[in-house]
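Here are some exercises to work through with the structure open in your viewer. Try each task before you read its solution.

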Amino acid sequence: MRDVAAAGASTGPRVLPRNDPRQYDDLAGEWWRPDGAFAMLHWLAEARAALVPPATRPGALLVDLGCGAGLLAPHLAGKGYRHVGVDLTRSALVQAAEHGVRVVQGDATAVPLPDGCADVVSAGELLEHVPAWPRAVAEACRLLRPGGVLVLDTLNDTALARLVAVRIAERLPTVPRGIHDPRLFVDARALVAECARHGVDLRLRGIRPQVRGMLAWLLRRARASRTVGAVPAGRAPRIVPTRSTAVLYQGRGVRKG
Ligand SMILES: C[S@@+](CC[C@H](N)C(=O)[O-])C[C@H]1O[C@@H](n2cnc3c(N)ncnc32)[C@H](O)[C@@H]1O
């Protein structure tokens, strides 16, 4: 696909193909800005962390595949895990380490960690960026110990997801333009089947940002762009369950013994 992203590098925008991982380098300054280009990842991280149970043993390990800059870390505080993050993007890993994540630069389809090492594996907003997503799923399941928990969220391979997550969301300040290649979106049934093949019974539910919170956030952003000086921070929109998995969905499953 020759659709391109105009990412905001300090030397002027450079044009990259959709889903090109170098976009994360160009957007490196955005990760930890709560109202920045990755704002929605903050909201999703909070919702994902809610699926993570408290650790049941000392030294329990949570492996965060495609951890980015470690946005999950603050939401795991007090749950009792060592948080190890795996990502391709070095500029993101540097920031994850600054937030207490032990980082490993690597590919989620070939993770340099041993079988069964993880009490929890998280794959937040990752699979829809991986051309061979079933390999990343196989790796996630391989890393889990029996009884370990897989948590993830991703975008469904539907016309509605392509409309909402690409055509609409990439025109809003919630999602960087060109970050998704809709050809990589993840069919929900195929994902459940792939997890089952690797011993994880994945349960899905649809999720979405709360509408009122989202509108208030967009208004605040618009006001901030017209105002000189600081606009007071407001509450971030919450991610809430929705009946349909047709666009954005979460999954949680336990690895069989
Ligand atoms: C949309 S971001 C999500 C980051 C993080 N999980 C979060 O929710 O804040 C996708 C991340 O996946 C990483 N990524 C993409 N393909 C990858 C792969 N094959 N292996 C490891 N990381 C990958 C990117 O570098 C980026 O940091």
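A salt bridge here is a side-chain nitrogen of Lys or Arg within 4 Å of a carboxyl oxygen of Asp or Glu. Keep in mind that the model is predicted.

**Exercise 1. Find the salt bridge that Glu194 forms and work out how the two partners sit in the chain.**

Step 1: Look for the partner. Glu194 pairs with Arg197, and the closest N and O atoms are 3.0 Å apart. That fits the cut-off of within 4 Å.

Step 2: Place the pair. Glu194 and Arg197 are both in helix α7 (residues 188–197), three residues apart, so about one helical turn separates them.

Step 3: Check the surroundings. Buried means under 20% relative accessible area and exposed means over 50%. Glu194 has 13%, so Glu194 is buried. Arg197 has 63%, so Arg197 is exposed.

**Exercise 2. Which residue forms a salt bridge with Arg142, and where in the chain are the two partners?**

Step 1: Start with the pair itself. Arg142 bridges to Asp115, with 2.6 Å between the closest N and O atoms. The pair links distant parts of the chain, 27 residues apart: Arg142 is in helix α5, while Asp115 is in the loop between β5 (102–105) and β6 (118–124).

Step 2: Fill in the helix. Helix α5 covers residues 133–143.

Step 3: Compare accessibility with the cut-offs. Arg142, at 23%, counts as partly exposed. Asp115 comes out at 60%, so Asp115 is exposed.

Step 4: Try one more distance from Arg142. Val86 is 56 residues away along the chain, and the C-alpha atoms of Arg142 and Val86 are separated by 15 Å.

**Exercise 3. Describe the salt bridge between Asp119 and Arg145, then find the network that these residues belong to.**

Step 1: Get the distance. The side chains of Asp119 and Arg145 come to 2.8 Å, N to O. Asp119 lies in strand β6 and Arg145 in strand β7 (residues 144–155), so the bridge ties together parts that are 26 residues apart in sequence.

Step 2: Sort out burial. Asp119 is buried, at 5% relative accessible area. Arg145 is partly exposed, at 24%.

Step 3: Follow the shared partners. Salt bridges with partners in common join Arg57, Asp119 and Arg145 into one network.

Step 4: Put this in context. The structure holds 13 salt bridges.

**Exercise 4. Which residues are closest to the ligand, and what polar contacts can you find there?**

Step 1: Collect the shell. There are 19 residues around the ligand, and the closest are Gly66, Asp87, Thr89, Ala108 and Gly124.

Step 2: Sort the shell by type. You should get nine nonpolar, six polar and four charged residues.

Step 3: Pick out N and O pairs. Asp87 puts a polar side-chain atom 2.6 Å from an oxygen atom of the ligand. Thr89 also has a polar side-chain atom 2.6 Å from a ligand oxygen. For Leu88 the backbone does the job: one of its polar backbone atoms is 3.4 Å from a nitrogen atom of the ligand.

Step 4: Ask how much of the ligand is covered. On its own the ligand has 600 Å² of accessible area, and the protein covers 96% of that.

**Exercise 5. Is helix α2 largely enclosed or open?**

Step 1: Count. Helix α2 (residues 39–49) has 11 residues and nine of them are buried, so the helix is largely enclosed by the rest of the structure.

Step 2: List some names. The buried residues include His42, Trp43, Leu44 and Arg48.

**Exercise 6. Locate the nonpolar surface patch that contains Val164.**

Step 1: Gather the members. Leu160, Leu163, Val164, Ile168 and Leu172 make up the patch, with about 370 Å² of accessible area together.

Step 2: Zoom in on Val164. Val164 belongs to helix α6 (residues 159–168), and at 33% relative accessibility Val164 is partly exposed.

**Exercise 7. What is the sign of phi in Asn19 and Glu125?**

Step 1: Read off the angles. Asn19 has a phi near 65 degrees, which is positive, and Asn19 is not a glycine. Glu125 is not a glycine either, yet its phi is positive at about 50 degrees.

Step 2: Place both residues. Asn19 is in the loop between β2 (14–17) and α1 (22–26). Glu125 is in the loop between β6 and α5.

Step 3: Check burial. Asn19 is buried at 13% relative accessible area, and Glu125, at 13%, counts as buried too.

Methods
Residues numbered from 1 in each chain as written. Predicted model: local features only at pLDDT ≥ 70, side-chain atom pairs only at ≥ 80, totals over all residues. Heavy atoms only, no water. Patch = residues over 30% accessible without salt bridge, like charges linked within 9 Å, V, L, I, M, F, W, Y side chains within 5 Å. Areas by Shrake-Rupley, 256 points an atom, 1.4 Å probe, with all protein chains shown as cover. Helix = DSSP H or I, 4+ residues; strand = E, 2+ residues; numbered from the N terminus. Buried < 20%, exposed > 50% of the residue type's maximum accessible area, 1.4 Å probe, protein only. Near = heavy atom within 4 Å. Polar contact = N/O pair within 3.5 Å; in protein donor to acceptor, adjacent residues only side chain to side chain. Nonpolar A, V, L, I, M, F, W, Y, C, P; charged D, E, K, R; others polar.
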